[in-house]
Amino acid sequence: MAFLVALALTGSFLLAVGCASQGTTSSTPVPTPTPEIVAAPTPIAAPLPPYYHVSPSLDEQIYKSKAIVRVSLKSATSTTETVSGEGSGTTYRPVQELRFTVHEYLKGTGPSEILVVVRDYLKYSAYSSKEEARKIADRTVAERVTSWDNRQAVIFLQDLEKPYSADDAAASTAANALTFTFSNFVMTRFNYSIDTLSRSWLPTSDAVSTSSAAQAAASGSLTFMTGGSEPWPAAITLAELKTEIADMEATLKAGEGIEGYDVCIERKLGRERARRGERLAGYPWTPYRYSKTLASGLSTGTEVFKYWKTEDEQAPKYNNYWLSGPDSAHFQAAIVDDDSSSANGYHYTLSTARPLPAGTYSVKFNSQHYRKIPCDFKPHDAYSQWTVTVTAPAGTLHEAFFDPIYATSTGEYKADASLGVLKPAAYRKAGDTATTTISSIAWKSQKVKLTVGPLPLPPENHHLDFIALDGSVKLRLDIEDATRGETVGAYSYTWGVCTQPWKAGDLLMLRIAQSPANLTGATNDTSCATSNPKPTPTPPSGARGKT
């Protein structure tokens with residue numbers, strides 16, 4: 001009685017292994033290979049997007065495979081399979097059987113002889129007579145591309161969806177055996193060789209003798225053809241393939257005990273294949289682009305957009321959201337959910353992280369599906385591109401970020417070109433021929449001092465507003481009320497400010513704007529600096545700055 005184990009590949013092949021006689025199975029001897037490589041017929045056009053027609057990466061092929069085996073082909077034969085419960089009545093499916101001798105299991109374990117069974121799925125309903133199905137099976141075996149049949153090969157196998165039971169007695173014992181199928185990704189008649197996109201069968205680069213192949217295998221130098229198109233190399237050695245397999249096993253082992261880790265890896269590999277297919281098909285992925293206009297100086301948390309994930313998008317866990325891009329530090333991403341349950345929907349938002357000066361800001365809003373979190377797969381192309389235009393009110397001369405820190409060498413709380421943040425520092429007033437730059441803004445000993453040049457600030461009806469995180473004006477200074485000094489190419493403006501207006505690390509916004517008249521409540525309290533002088537403030541703990 002024969003011992004038989006079946007192995008098959010995704011949707012199209014199966015395979016069985018064992019020591020069994022050929023019985024009455026119709027057989028076509030394996031012919032001598034021709035010296036040149038003969039291309040297989042064009043794969044069947046399936047009604048799928050182009051990105052499904054690309055090869056998996058080597059990593060994905062390894063991940064999908066239950067077993068990876070180095071083999072030699074023994075024979076190619078044909079048979080049929082009875083199909084029950086599909087459509088009306090009993091029908092028959094053509095199959096071809098490829099019997100291999102096993103030299104080595106690179107992944108998984110099994111017997112020393114295997115039988116790959118290729119099911120014919122070209123017709124979406126099986127044949128009504130066994131004779132008709134047998135004719136198709138015989139023709140399929142006769143039309144096989146045989147260029148690499150005399151070479152060792154690596155074949156990739158995975159679990160078979162449906163058990164296999166041949167109509168011929170010789171193969172019928174496979175019905176109760178362990179079954180697999182080729183690791184296929186493309187539905188074609190000839191998905192058993194290097195000719196196809198599936199890359200389930202990788203023959204050696206040269207037809208070497210058994211002894212030479214054994215020697216090369218022992219050293220790891222035995223080389224297999226892969227097809228050579230993206231993302232596979234033109235060829236891969238046995239040693240390189242073993243390293244790739246070991247790396248994937250190590251990756252999976254790292255996720256042992258982590259819920260959803262395997263699904264995360266599978267989604268990562270599948271997404272990479274889809275994006276590669278889109279690119280090869282001529283329409284690479286591009287992000288959705290959105291724009292928003294805001295007024296300057298609005299409080300932290302001003303909404304740029306809010307998206308409601310409705311109940312029909314419910315999920316057991318929250319997705320992950322984060323920002324990137326040149327201006328991402330000025331914005332924030334957040335999940336908003338009143339009941340702390342993702343299953344009935346929630347909001348995710350993009351909002352400001354501080355009051356923004358006038359300008360154009362670019363930020364990427366990234367997302368990570370909850371199934372991609374266990375293996376920390378963060379796709380580089382899962383984001384929307386936002387352009388936020390911030391406009392200043394009428395009469396504004398200039399706006400800038402102002403983040404002071406403590407200057408240890410001078411005892412000031414300040415920002416200048418090398419300390420803190422004063423950006424943008426340059427502006428040009430209508431009618432000016434030169435660009436004016438704010439050199440520094442500092443507070444020390446109850447005085448605020450601003451230095452600017454080469455042109456002075458406007459002399460009348462302008463003021464400086466320092467806007468806090470909540471959008472309120474923390475300090476307002478009339479330019480007319482300042483004590484002005486002048487040196488070559490620079491002008492200084494000093495105001496008496498009794499109470500320290502900012503500390504190191506504050507995030508403020510500066511606005512220089514015009515008003516029709518002097519402002520009520522403008523600060524220029526010179527009395528605190530003259531009648532009640534105070535010492536220079538004590539440096540903050542851990543102060544840092546220019547030395």
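Me: Two strands pair if DSSP finds at least two bridges between them. In this predicted model, over how many bridges do strand 4 and strand 7 pair?

Reply: Strand 4 (residues 67-83) and strand 7 pair over five bridges, in the antiparallel sense. One position to look at is A67, which stands opposite L157 in strand 7. Strand 7 is also joined to strand 9 (residues 201-203) by three bridges, again antiparallel. There A153 stands opposite P203 in strand 9.

Me: How many residues of strand 7 are buried?

Reply: Buried means under 20% relative accessible area. Six of the seven residues of strand 7 (residues 153-159) are buried, so the strand is largely enclosed by the rest of the structure.

Me: How should I read the strand order of an open sheet, and which strands stand at the edges of the one that holds strand 16?

Reply: In a regular strand the side chains alternate between the two faces of the sheet. The order describes something else, namely who sits beside whom. Here the open sheet has three strands in the order 13-16-15, with antiparallel pairing. Strand 13 (303-309) and strand 15 (331-336) are at the edges; each has a single partner strand, so one side of each is left without a neighbour in the sheet. On average, neighbouring strands of this sheet are turned by 15 degrees against each other, direction ignored. Strand 15 is joined to strand 16 (residues 346-352) by six bridges, and A333 stands opposite L350 in strand 16.

Me: Which residues are closest to the centre of the largest pocket?

Reply: Start with the volume, then the lining. The largest pocket holds about 530 Å³ of space. Of its 26 lining residues, Y348, S367, A382, Y383 and S384 are the closest to the centre. Two or more lining residues come from each of helix 6 (261-280), strand 12 (288-295), strand 13, strand 17 (359-368) and strand 18 (383-391). By class, the lining counts 13 nonpolar, six polar and seven charged residues.

Me: In what sense does strand 18 pair with strand 12, and in what sense with strand 17?

Reply: With strand 12 the pairing is parallel, over eight bridges; A295 stands opposite T391 in strand 18. With strand 17 the pairing is antiparallel, also over eight bridges. Y383 of strand 18 is the bridge partner of N366, and Y383 is also among the residues closest to the centre of the largest pocket.

Me: How many disulfides does the structure hold, and which parts of the chain are tied together?

Reply: The structure holds one disulfide, joining C264 to C375 with an S to S distance of 1.9 Å. C264 lies in helix 6 and C375 in the loop between strand 17 and strand 18, so the pair ties together parts that are 111 residues apart in sequence. The torsion about the S-S bond is about -75 degrees, so this disulfide is left-handed. Both cysteines, C264 and C375, are buried.

Me: Where are the cis peptide bonds at P424 and P454?

Reply: The bond from K423 to P424 is cis, with omega near -10 degrees, and P424 is in the loop between strand 22 (421-423) and strand 23 (426-427). The bond joining G453 and P454 is cis with omega about 5 degrees; P454 is in the loop between strand 25 (447-453) and strand 26 (462-467).

Me: Are S445 and Q446 buried or partly exposed?

Reply: S445, at 24% relative accessibility, counts as partly exposed, whereas Q446, at 2%, counts as buried. S445 lies in the loop between strand 24 (436-444) and strand 25, and Q446 is placed in the loop between strand 24 and strand 25. Phi is positive at S445, about 50 degrees, although S445 is not a glycine. Q446, not a glycine either, has a positive phi of about 65 degrees.

Definitions and conventions
Residues are numbered from 1 along each chain as its sequence is written. This is a predicted model: local features need pLDDT of at least 70, side-chain atom pairs count only at pLDDT 80 or more; totals for chains, interfaces and linings use all residues. Side-chain values use heavy atoms; hydrogens and water are left out. Helices (H or I, at least four residues) and strands (E, at least two) are DSSP runs, numbered from the N terminus. Axes are lines fitted to C-alpha atoms, for helices over the stretch in contact, and angles run from 0 to 180 degrees between N-to-C directions. On a 1 Å grid over the protein atoms alone, a cavity is a set of points where a 1.4 Å probe fits but cannot get out, and a pocket is an open set with protein on both sides within 12 Å along at least five of seven lines; lining residues have an atom within 4 Å of a point. Grid points are joined across faces, edges and corners, and a volume is the space filled by probe spheres set on the points. Ala, Val, Leu, Ile, Met, Phe, Trp, Tyr, Cys and Pro count as nonpolar, Asp, Glu, Lys and Arg as charged, and the others, Gly among them, as polar. A disulfide is a pair of cysteine sulfur atoms within 2.5 Å. Buried means under 20% relative accessible area, exposed over 50%, partly exposed in between (1.4 Å probe, protein chains only).
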